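Visitor: I would like a close look at a single part of this model, with the details joined up as you go. Please pick a good place to begin and take me from there.

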Amino acid sequence: MSNIATDGAPLAASPLTRAVLEIDEYASGLGWDRPARLFALVDTARLRTQEPGLADQLGLAEKNAGALTPVEQDELPDGKALDEFLATIAWPDVISGCAMTVERLMLPPSAEAAIPEGLNDAKLAKWVAEHPERQEVRMTVAVLRNGARESAIRLRSKDTATEVLTGSDLVPGLAEALAATFES
């Protein structure tokens, strides 16, 4: 049995994984060097029942039980740190979860061990940006109110749907920050 759908995207077992991969594919279509994007995750069946006009406008056909519909939010404010911005968010009860895409530079563990001591944030960012082993990645992380988490990581150097890595704990810091948006 193949783990690739007919459109070339990986099959996903859970609704949350499907939502993360849908957001990753959407972000991929926009290209690289984009700002972070925030999405509300809404129960698709509930959306069809409560807002049939909107569901029709979004082209939401019958989906699998528990399916989630990502709804992109307004752009994040310029110049505000991501953690500061997320600390200002409170979701209404109708929102089942949220997700975010963020592009970052990553280093392999061997390079991380060589980071010079005493660099401030700006100098560290410059050091990473100039490192020959850096990898540009797009991370998509989603959390649900019930605590479920999922992530997708796409390397710019392997920018195809079949090369996307998924897992529940790939980006724990961002997952924690997103989960905190549901705490009262």
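Guide: Let's begin at L119, which is partly exposed because its relative accessible area of 30% falls between the 20% limit for buried and the 50% limit for exposed. Please keep in mind that this is a predicted model. L119 sits in the loop that links α5 (109-112) to α6. Apart from residues within four places of it in sequence, L119 is in contact with L124 and W127. Both of these partners fall within α6, which spans 121-130. As a general point, an α-helix has 3.6 residues a turn, so residues three or four places apart point the same way.

The next residue to look at is N120, which caps the N-terminal end of α6. A side-chain oxygen of N120 lies 3.2 Å from the backbone nitrogen of A122. The helix that follows is hardly covered: one of the 10 residues of α6 is buried.

Following the chain out of α6 brings us to H131, in the loop between α6 and β4 (135-144). Here the surroundings change: H131 is buried, since its relative accessible area is 11% and the limit for that class is under 20%. Its side chain reaches the backbone nitrogen of E133 at 2.9 Å. Setting aside neighbours within four places in sequence, H131 is in contact with L107 and A111.

From that loop the chain enters β4, and β4 leads us to β3. These two strands run antiparallel and are joined by 10 bridges. In one of these pairings, R104 stands opposite V137 in β4. β3 also pairs with β1 (residues 37-43), again in the antiparallel sense, over five bridges. There, A40 has C98 of β3 as its bridge partner. With these two pairings in view, it is worth asking how β3 sits in the fold. Seven of its 10 residues are buried, so β3 is largely enclosed by the rest of the structure.

β3 also takes us to some empty space inside the model. Rolling a probe the size of a water molecule over the atoms shows where such space is left. Counting cavities of 30 Å³ or more gives one, and the largest cavity has a volume of about 60 Å³. Two elements each give two or more residues to its lining, namely α1 (15-30) and β3 (97-106). β3 gives the most, with three residues. The lining includes T101, V102 and E103, along with A27, L30 and R138. G31, R34, P35, A36 and R37 are also part of it. By class, five of the lining residues are nonpolar, two are polar and four are charged.

To place this region in the whole, the protein chain has seven helices and six strands. From the N terminus, the order of elements is α-β-α-α-β-α-β-α-α-β-β-β-α. Of its 184 residues, 36% count as buried. Among contacts between residues at least 6 apart in sequence, 67% join residues at least 24 apart.

So the walk that began at the partly exposed L119 passed the hardly covered α6 and the buried H131, and ended at the lining of the largest cavity, to which β3 gives the most.

Notes:
Residues numbered from 1 in each chain as written. Predicted model: local features only at pLDDT ≥ 70, side-chain atom pairs only at ≥ 80, totals over all residues. Heavy atoms only, no water. 1 Å grid on protein atoms, 1.4 Å probe; cavity = no way out; pocket = protein on both sides within 12 Å on 5 of 7 lines; lining within 4 Å. Points joined across faces, edges and corners; volume = space filled by probe spheres on them. Helix = DSSP H or I, 4+ residues; strand = E, 2+ residues; numbered from the N terminus. Nonpolar A, V, L, I, M, F, W, Y, C, P; charged D, E, K, R; others polar. Buried < 20%, exposed > 50% of the residue type's maximum accessible area, 1.4 Å probe, protein only. Polar contact = N/O pair within 3.5 Å; in protein donor to acceptor, adjacent residues only side chain to side chain. Contact = heavy atoms within 4.5 Å. Pairing = 2+ DSSP bridges.
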